[in-house]
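Here is a friendly walk through one protein model, strand by strand and then into its empty spaces. Keep the sequence beside you as you read.

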Amino acid sequence: MTTSLLLLPILLAILTLSLPMLALADNGSWQLLQKSIGIVAMHMQLLHNDRVVIYDRTDFGLSNLSLPNGRCRQNDKELAVKTDCTAHSVEYDVTSNRFRALFIQTNVWCSSGSVSPNGTLVQTGGFNDGERKVRTYSPCSTCDWQELENGLVARRWYATNHKLPDGGQIIIGGRRQFNYEFYPKTEATAKNTYSLPFLVQTSEPRTENNLYPFVFLNVDGNLFIFANNKAILFNYTNNVVVKTFPQIPGGDPRSYPSSGSAVLLPLRNLQGAILEAEVLVCGGAPKGSYEQASKGHFIGALNTCARVKVTDQNPNWVMETMPGGRVMSDMVMLPNGNVLIVNGAGSGTAGWTFGRNPTLNPIIYKTNSPLGSRFELQNPSSIPRMYHSTAVLVRDGRVLVAGSNPNVYYNFTNVIFPTELSVEAFSPSYLEPGFDNLRPRIMSPTSQSQIMYGQILEVQFQVKGTLSQNLVLVTMLSPPFTTHSYSMNQRLLVLEPKSVTNVNGTLYQVVVTTPGSPILAPPGFYLLFVVHQDIPSEGIWVHIH
C-alpha cells in the first residue's frame, strides 16, 4: 500500500507529461524526408509511377545539385549563368525517398502544366527564352525533359492550365496576356489565341492581382474562372460568358500576387439527375498589400474563405472565418474529401521578400461539417514555407511539402527566410496507428487498372476491425500540377456505393459506378481510394478513358 502511494505522484507526473503528446498526435505529424534535394520545389506534379516531378527556374543561379556525368547547360540567352552544370529539376521517388537530377534547357520560371491522358506531363511557358516553349516529361526511370520550340502562340508567364474533356488542355492568361489558347494544336488552333476580356476587367494597374487565375471544369462542361475578386462561368468553345458571379464580399483580391488559394469541392451524387459543384476560395491579401509590402509595411492577410455553389441559379458567396489570416497557402484535397490548408504567411503578399509571419500550423477544412465548425488547426512544422513553396498528396495519404524561396537567387545566409531545399511530409491524423483496424486495404482491382466511363466497378478491400457499411465510400482524385498556391486540375469525385457486402472474414466488396462522362472526369490517371469512417486506404492508380 505504501509503495503504491509513493509511486502515485510519479505515475501522475508521467501521465501529465504524456498528455500533450497524445493531444498533438490527434492533429497530424511531420517528418523530414530530405534535408536537401538541391533545388527549390517551386512546381510539383505527382505522376502515375509514384514519382514527383519538381522544378524551380534556371535563372536563380547555380543550384546545389550537379547534373550527372559532367553534363552542362550552355545557353547564351540565360540571364544568370550561361554555362550551368547544375540541375533545376528533379524526379523524386516517393517509395524509395530518393531523387535524381533532370535537365531543363530554357527557363521554366512561374510556368504551368497538366498531365495528358497517357500520363505525360505537359509543361507550358515560363520566362525569357522559355516563355513560348512546351516541354514534356514521360514517366519512366530514365526519362528526361523534351522541349518543343515555339509550342505556344503567346508568351505564357503566370498562366493557368486545365484539362478538357477531349483530352487536350486550355492555357489561360499570364502576365499581359488577356486571352487563352489550346494544346495540343490542331489545324484550327495552331496559330490562334482567343480573347478573354474578363482578364482585362480583373487586372489592376501595377499589381495585376489576377495572375494564375483559379479555373475548374464545371459539371456542365463550362469553365469556372476566378480572378482577383470576381468569377465567371465560361463557354470556352464558343467564347461566351454564360454566367457572372457576384463579387466576393469585401472585394479584396485573392489572386497572385495577393495569393489566396482555391479548390473545387468533392463532386458527389454523380448518378443523380441534378449535379452540384462548389468552389472554395481561402485567404489572400487586402487591397493595397502589395504596394505596402514594397515599402516595408506588411498588412495582415485575409482570414476569410468564400464558398459558392457554381450550379445554383442565383449563386451567392458564403463567408467563413479561418483561425487566422493566410496568404500564399496551398489547398490540398485529401482522399476523404477534406481539404488541407498548408504553407504561407500571416502578413504581406507573394513577391520577393514581401511575406512575413510564417503560418506553420496547417488547417484541415472539414467539407461536410456545419458552417462555423469546419476548421481544425493542425500541428506545426518547424520550417517556414513562404513564397515559392508547394504541397502535393501522394498515394499513401501523406502530403509532401517542399520549397520556399522569397529571395531573387539561392540565398542561405543573412536573409529573413533563407532558400529552402528540404522536403518533408505531413501525415494527417487518419494515418495514425490507432486507426489501423478501421483502415481499408484495397485487394482488387490492381493498381494501373483500366476503367471505362459509366462502368460498374467492384472493389474488394480488407478491414481488420468492425466495418460500418453505411460509412464506406470510394473516391477518385486527379493529382494536380501545383505552383504559386494553386493546384491546377485538382478534382475529387465521390463514388457512392450501390452495395457493400462481406465476401469472407475481413474481406469486403463495394460496388460503385465510375463517372459517366469525361466532363465529370477528364481522361487520364486518377488515384482511387476506399474510405471507411473518414479513414482512407492507400490509393491505387486507375486509368479512365
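Over how many bridges do strand β6 and β7 pair? Strand β6, residues 89-93, and β7 pair in the antiparallel sense over five bridges. Strands here are DSSP runs of E with at least two residues, helices are runs of H or I with at least four residues, and both are numbered from the N terminus. Two strands count as paired if DSSP finds at least two bridges between them.

A word on the ground rules: this is a predicted model, in which local features need pLDDT of at least 70 and side-chain atom pairs count only at pLDDT 80 or more, while totals for chains, interfaces and linings use all residues. Residues are numbered from 1 along each chain as its sequence is written, and side-chain values use heavy atoms, with hydrogens and water left out.

**Two open sheets**

Back to the hairpin of β6 and β7. Asp 93 has Arg 98 of β7 as its bridge partner, and Glu 91 has Arg 100 of β7. Four residues sit between the strands of this hairpin, and there Asn 97 takes a positive phi near 55°.

The hairpin belongs to an open sheet of six strands, in the order β7-β6-β3-β2-β37-β38, with antiparallel pairing. At its edges are β7 (98-102) and β38 (486-488), each of which pairs on one side only. Neighbouring strands of this sheet are turned by 20° against each other on average, with direction ignored. Such angles come from axes fitted as lines to C-alpha atoms (for helices, over the stretch in contact), and run from 0 to 180 degrees between N-to-C directions. As you look along any sheet, it helps to know that side chains in a regular strand alternate between the two faces of the sheet.

Another open sheet has four strands in the order β16-β17-β18-β19, and its pairing is antiparallel. Because β16 (214-217) and β19 (240-244) stand at the edges with a single partner strand each, one side of each is left without a neighbour in the sheet. From one strand to the next, the twist averages 25°. Four bridges link β16 to strand β17 (residues 223-227) in the antiparallel sense, and Leu 217 has Leu 223 of β17 as its bridge partner.

**A buried serine and some loop details**

Is Ser 114 buried or exposed? Ser 114 counts as buried because its relative accessibility is 1%; buried means under 20% relative accessible area, exposed means over 50%, and partly exposed lies in between, using a 1.4 Å probe and protein chains only. Ser 114 has its place in strand β8, residues 112-115. Its side chain is joined to that of Gln 169 by a polar contact of 3.0 Å. A polar contact is a pair of N or O atoms within 3.5 Å; within protein, one must be able to donate a hydrogen and the other to accept it, and residues adjacent in sequence count only if both atoms are side-chain atoms.

The loops hold some backbone details, gathered here.

| Residue | Backbone detail | Loop |
|---|---|---|
| Pro 184 | cis peptide bond with Tyr 183, omega about 0° | between β14 (179-183) and β15 (194-195) |
| Pro 445 | cis peptide bond with Ser 444, omega about 5° | between β33 (441-444) and β34 (449-451) |
| Asn 128 | positive phi near 60° | between β9 (121-124) and β10 (134-137) |
| Asp 534 | positive phi near 70° | between β42 (524-532) and β43 (535-536) |

Asn 128 counts as partly exposed, at 27% relative accessibility, and Asp 534 counts as partly exposed at 44%.

**Empty spaces**

Rolling a probe the size of a water molecule over the atoms shows where empty space is left. On a 1 Å grid over the protein atoms alone, a cavity is a set of points where a 1.4 Å probe fits but cannot get out, whereas a pocket is an open set with protein on both sides within 12 Å along at least five of seven lines; lining residues have an atom within 4 Å of a point. Grid points are joined across faces, edges and corners, and a volume is the space filled by probe spheres set on the points.

By this rule there are seven cavities of 30 Å³ or more. The largest cavity has a volume of about 70 Å³, and its lining includes Gln 45, His 48, Lys 163 and Trp 541. By class, this lining has six nonpolar, two polar and one charged residues. Here Ala, Val, Leu, Ile, Met, Phe, Trp, Tyr, Cys and Pro count as nonpolar, Asp, Glu, Lys and Arg as charged, and the others, Gly among them, as polar.

The largest pocket holds about 230 Å³ of space. Of the 15 residues that line the largest pocket, Asn 336, Asn 338, Lys 366, Glu 376 and Ser 429 lie nearest its centre.
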